[in-house]
Amino acid sequence: MSKITFYLVDVFAEQKYAGNQLAVFRNAAGLSTEQMQRIANETHFSETTFILSDQPRNGGYDVRIFAPQQEVPFAGHPTLGTAYTIRNYIAEGKPNALNLNLGIGQIPVTFQRDAAGQEVAWMKQKPPVFGEAFSVEELAPILQLPKDNFDERYPIVEVSTGIPFMIVPLKTLAAVKKARVNFGLLEKIADRVHGGILIYCPETYRPENNLNVRVFVDLYGIPEDPATGSGNGCLAGYLSRYRYFGSDRIDVRVEQGCEINRPSLLQLKAYPGGEKIEVLVGGKVVLVGTGTFV
């Protein structure tokens, strides 16, 4: 393997050393799938991405995403972190919009300034697909929570915008904080669980935020994820469909990662678009460092 440049970024972060870590490798077409997987295991972040070429193809940049144990067709924070890297260090003229060619197809990313003048990256995800429902009786022992901690006004259901997540509504921040996955029990329904588990509640650590979230993705070698753009995209679609805030139009701030000392902020938008739900997930990206693999 010849020398290859990489960038370390924190995604959904308000400052360095927060949010979700990402390693982005540049001009990676010469790497084999096995080499990419070994590098991803070496960095051992939730995901590592490989930009195959500095030149776009079919209107987008070819990117592959790897978790420590396997390649994945889509993930949220790798999409935004890779798009930020391309915009600021590869593409000419720092474009305000670009596309990534991922395993699930082309994903558009745009860059906007917020009220404070800070850059926010936004990705438009695939429309959510709603799958199997689960009962509180099934999930309570898996999350090691009493049944009255669950908000039974809303369903527990698997949703996918490219990667499936089981969306689990809880009542309080205390319940979210004490949840622990019993993987032995989870394995008993493994044939029905195709991705991660996202739990959420309307109580938050910071009053300006609307929801607190935790995400467990042991299927991909990630016991707990600090910021999950794909999972929160599923959550945005869920909030719209079930009118969690009394409307099918969603514009909320979500905090995640607080329990594992990687505080993250994700911005979610969703609204009906014909027979589908349009989903947008946004956040800030911070460069931490650059280097070379040899």
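The side chains of Lys284 and Asp114 come together in a salt bridge, with N and O 3.5 Å apart; the term is used here for a side-chain nitrogen of Lys or Arg within 4 Å of a carboxyl oxygen of Asp or Glu. The two partners come from distant parts of the chain, 170 residues apart: Lys284 sits in the loop between β17 and β18, and Asp114 in the loop between β7 (105–113) and β8 (119–125). Helices and strands are DSSP runs numbered from the N terminus, with H or I and at least four residues for a helix, and E and at least two for a strand. The model is a predicted one, so local features need pLDDT of at least 70 and side-chain atom pairs count only at pLDDT 80 or more, while totals for chains, interfaces and linings use all residues. Residues are numbered from 1 along each chain as its sequence is written, and side-chain values use heavy atoms, with hydrogens and water left out.

Lys284 has another partner too. Glu14 forms a salt bridge with Lys284, and here the closest N and O atoms are 3.2 Å apart. This pair also links distant parts of the chain, 270 residues apart, with Glu14 in the loop between β1 (4–11) and β2 (20–25) and Lys284 in the loop between β17 (276–283) and β18 (285–293). How far from the surface are these side chains? Buried stands for under 20% relative accessible area, exposed for over 50%, and partly exposed for anything in between (1.4 Å probe, protein chains only). Lys284 counts as buried at 11%, whereas Glu14 is partly exposed at 45% and Asp114 is partly exposed at 25%.

In total, the structure holds 15 salt bridges. Another of them joins Arg214 to Glu224, with the closest N and O atoms 2.8 Å apart. Arg214 belongs to strand β13 (residues 211–217) and Glu224 to strand β14, 10 residues apart. Both Arg214 and Glu224 are buried. Back with the earlier trio, salt bridges that share partners tie Glu14, Asp114 and Lys284 into one network.

Glu14 turns up again in the largest pocket. There, 15 residues form the lining, and Glu14, Arg206, Pro263, Ser264 and Leu265 lie nearest the centre. A pocket is found on a 1 Å grid over the protein atoms alone, as an open set of points with protein on both sides within 12 Å along at least five of seven lines; a cavity is a set of points where a 1.4 Å probe fits but cannot get out, and lining residues have an atom within 4 Å of a point. The largest pocket holds about 270 Å³ of space, a volume being the space filled by probe spheres set on the points, which are joined across faces, edges and corners. Strands β15 and β16 (264–273) each give at least two residues to the lining of this pocket. Its lining splits into 7 nonpolar, 3 polar and 5 charged residues. In this split, Ala, Val, Leu, Ile, Met, Phe, Trp, Tyr, Cys and Pro are nonpolar, Asp, Glu, Lys and Arg are charged, and the others, Gly among them, are polar.

As for closed spaces, a search of the whole structure finds 1 cavity of 30 Å³ or more. The largest cavity has a volume of about 90 Å³. It is lined by 16 residues, and the closest to its centre are Glu47, Ala75, Phe165, Thr228 and Ser230. At least two lining residues come from each of α2 (76–89), β14 (222–225) and α6 (229–241). The lining is made up of 9 nonpolar, 5 polar and 2 charged residues.

Helix α2 is worth a look of its own. Its 14 residues reach 20 Å from first C-alpha to last, close to the 20 Å expected at 1.5 Å a residue, where the expected span is 1.5 Å times one less than the number of residues. Because 12 of those 14 residues are buried, α2 is largely enclosed by the rest of the structure. Among the buried ones are His77, Leu80, Tyr84 and Arg87.

A shorter account covers helix α3 (residues 136–143), where Val136, Leu139, Ala140, Ile142 and Leu143 are buried. Their cover includes β9 (129–134), β10 (156–160), β11 (164–169), α5 (183–187) and β12 (196–201). After α3 comes Gln144, with a positive phi near 55°.

Terms used
Contact means heavy atoms within 4.5 Å.
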